[in-house]
Amino acid sequence: MFEAVPNISEGRRQEVVEAVGRALGRSGASVLDVHSDADHNRSVFTLVGEPQELADALVAGAREAVSLIDMRVHEGAHPCVGALDVAPVVYLRPEDRELACDEALAVANRIAGELELPVFLYGVLAPEAERRERSYFREGGVGALQERLESGELEPDFGPRRLHPTAGATLVACRPPLVAFNLELAEPDLDAAKAIAAELREAGGGLAGVRAIGVMLDRAATAQVSVNVHDPFAMPLAEVVRAARQAAASRNVSIGAAELVGLAPEAALEGLPADLDLKGFDERRHVLEKRLTSAHG
């Protein structure tokens, strides 16, 4: 059994999110969680299934997203390049890594061929080291990616050498579980959020395996540090919170609340400060092992 965590560039129109969710569940895969955010204008689905049914589910979800999301009018705080922005296949056991990579490549090939979408591989599947980070493709948004394709600077790994007219492009990877985690500041200080994110990021000399950006949440009238922890077993969230609080205090702001996006391995959550407001958290719904047990027990 594999997990997949497709992200779509829609978090405001609930009917679109539900339609994509139904498509993802039609091929036998189980949708365990859906996290939508209106400020990011993004929804993150977590599903599990056997290899072939998972591929079928991702292609069906991609087809629905392509038909319903128009990137020409998309607005949101989260960087993105496509209607189905990312589609990582996640292996839950180290011994399944090679098979999961094959599954991700099959998904990339089918999305490109069946939907005429350019697909770029990132992470361990990237053909070159510089292409491993999603930010390499997202910098400057859809318009910049189109220019890079037209100039010949960049070519997709699968599919046409042009963006889809309405759905943009899709990024595909194979990876172990990671944790997506948001930290909201108590103050609407975007500069502070960006500075804290820069201090947390591995690329800036921060925490190993951490990617982070600072964004403004207009609807919530506050600033947020949006974090991905690529190895939550080696870098538990408690350590991320500790570092973020320290960085915030040095800038005279504070961490007001936190939010888990999707599911997290139980070990990643150990030692979280008791005084941290983890919004909407329910261990029966958000702990990966418990959801897998309930879905396939």
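These are my notebook entries on two pockets and one helix.

**Ground rules.** I'm working from a predicted model, where local features need pLDDT of at least 70, side-chain atom pairs need 80 or more, and totals for chains, interfaces and linings use all residues. Residues are numbered from 1 along each chain as its sequence is written, and side-chain values use heavy atoms, with hydrogens and water left out.

**Helix α5.** I looked up α5, residues 141–151 (helices are DSSP runs of H or I, at least four residues; strands are E runs, at least two; both numbered from the N terminus). Which of its residues are buried? I found Gly-141, Ala-144, Leu-145, Arg-148 and Leu-149 (buried is under 20% relative accessible area, exposed over 50%, with a 1.4 Å probe and protein chains only). Seen down the axis, these buried residues fall within an arc of 140° (taken from the directions from the helix axis to the C-beta atoms), so they line one face of the helix. On the other side, Glu-147, Glu-150 and Ser-151 are exposed. Just after α5, I noted that Gly-152 has a positive phi of about 85°.

**Largest pocket.** I then checked the pockets (open sets of points on a 1 Å grid over the protein atoms alone, where a 1.4 Å probe fits, with protein on both sides within 12 Å along at least five of seven lines; lining residues have an atom within 4 Å of a point). This one has 43 lining residues, and His-78, Arg-134, Arg-138, Val-227 and Asn-228 lie nearest its centre. Elements giving two or more residues to the lining include β3, β10 and α4.

**Second largest pocket.** Strand β7 (residues 170–175) gives the most to this lining, with three residues.
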